[in-house]
Amino acid sequence: FQVTPVGDGSLPPTGGSQKRYYVVKAGDWLSKIAERYYGDPMKYPIIHKANLSVIGPNPDIIKPNQRLEIPYI
């Protein structure tokens with residue numbers, strides 16, 4: 001039995017919400033989150049830009065329990 005994933009998470013679901021969120025956990029960093037959602041840690045600026053009001057100007061400082069919007073690309 002083999003499970004085949006549907007999509008890579010980069011496109012919005014059809015007929016559903018156009019936004020998705022991630023709650024930061026201890027030990028997370030933006031590049032790790034970007035790797036999870038986009039398959040590329042260097043896409044972290046997309047997440048940072050979408051969450052400037054939450055994170056602030058320094059992308060290296062994120063805190064547990066922050067709710068980040070993860071844009072579809």
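The exercises below work through the fold, the aromatic rings, the core and several loop residues of one predicted protein model.

Residues are numbered from 1 along each chain as its sequence is written, and side-chain values use heavy atoms, with hydrogens and water left out. Because the model is predicted, local features need pLDDT of at least 70 and side-chain atom pairs count only at pLDDT 80 or more, whereas totals for chains, interfaces and linings use all residues.

**Exercise 1. Describe the secondary structure and the overall burial of the protein.**

Step 1. Helices (H or I, at least four residues) and strands (E, at least two) are taken as DSSP runs numbered from the N terminus, and the protein comes to three helices and two strands. Along the sequence, these elements follow the pattern β-α-α-α-β.

Step 2. Buried means under 20% relative accessible area, exposed over 50%, and partly exposed in between, with a 1.4 Å probe and protein chains only; buried residues make up 27% of the 73 residues.

Step 3. The protein exposes about 5,200 Å², of which carbon and sulfur atoms supply 58%, with areas from the Shrake-Rupley method and a 1.4 Å probe, only the protein chains shown counting as cover for residues.

Step 4. With contact meaning heavy atoms within 4.5 Å, residues 24 or more positions apart account for 54% of the contacts that have a separation of 6 or more.

**Exercise 2. Find the aromatic pair and classify its geometry.**

Step 1. Rings of Phe, Tyr and Trp (its six-membered ring) pair if their centres lie within 6.5 Å, and planes under 30 degrees apart count as stacked, over 60 as edge-to-face and the rest as tilted. The count by this rule comes to one aromatic pair.

Step 2. The ring centres of Tyr22 and Tyr37 are 6.1 Å apart and their planes stand at 75 degrees, so the pair is edge-to-face.

Step 3. Tyr22 belongs to strand β1 (residues 21-23) and Tyr37 to helix α1 (residues 30-38), so that the pair links distant parts of the chain, 15 residues apart. Tyr22 is buried, at a relative accessible area of 7%, and Tyr37 is buried as well, at 14%.

**Exercise 3. Locate the charges over rings, and describe the surroundings of Tyr21.**

Step 1. A charge sits over a ring if NZ of Lys or CZ of Arg is within 6 Å of the ring centre and within 35 degrees of the ring normal. Arg20 lies over the face of Tyr72, at 4.1 Å from the ring centre, and the charged end of Arg67 sits over the ring of Tyr21, 3.7 Å from its centre.

Step 2. Tyr21 is found in strand β1 and counts as partly exposed, with 35% relative accessibility. Beyond four places in sequence, Tyr21 touches Tyr37, Arg67, Leu68, Glu69 and Ile70.

Step 3. The C-alpha atoms of Tyr21 and Pro71 are separated by 8.5 Å, although the two are 50 residues apart along the chain.

**Exercise 4. Identify the largest nonpolar core and its main contributor.**

Step 1. A nonpolar core is a set of buried Ala, Val, Leu, Ile, Met, Phe, Trp, Tyr and Cys residues joined through side-chain atoms within 4.5 Å.

Step 2. The largest such core has twelve residues in all, including Tyr22, Tyr37, Ile55, Ile62 and Leu68, and α1 gives the most to this core, with five residues.

Step 3. Ile55, one of the core residues, touches Leu30, His48, Ile61, Ile62, Gln66 and Leu68, not counting residues up to four places away in sequence. In soluble globular proteins, nonpolar side chains tend to be buried together.

**Exercise 5. Compare the burial and surroundings of four loop residues.**

Step 1. Gln66 lies in the loop between α3 (52-55) and β2 (67-69) and counts as buried, at 13% relative accessibility. The side chain of Gln66 reaches the backbone oxygen of Val54 at 3.3 Å and the backbone nitrogen of Lys63 at 2.7 Å.

Step 2. Asn65 is also placed in the loop between α3 and β2, but counts as exposed, at 67% relative accessibility. Phi of Asn65 is near 80 degrees, a positive value in a residue other than glycine.

Step 3. Asn51, in the loop between α2 (44-50) and α3, counts as buried, at 3% relative accessibility. Neighbours within four places in sequence aside, Asn51 is in contact with Gly56, Arg67, Leu68 and Glu69.

Step 4. Ala26, in the loop between β1 and α1, is exposed, with a relative accessible area of 68%.

Definitions and conventions:
Polar contact = N/O pair within 3.5 Å; in protein donor to acceptor, adjacent residues only side chain to side chain.
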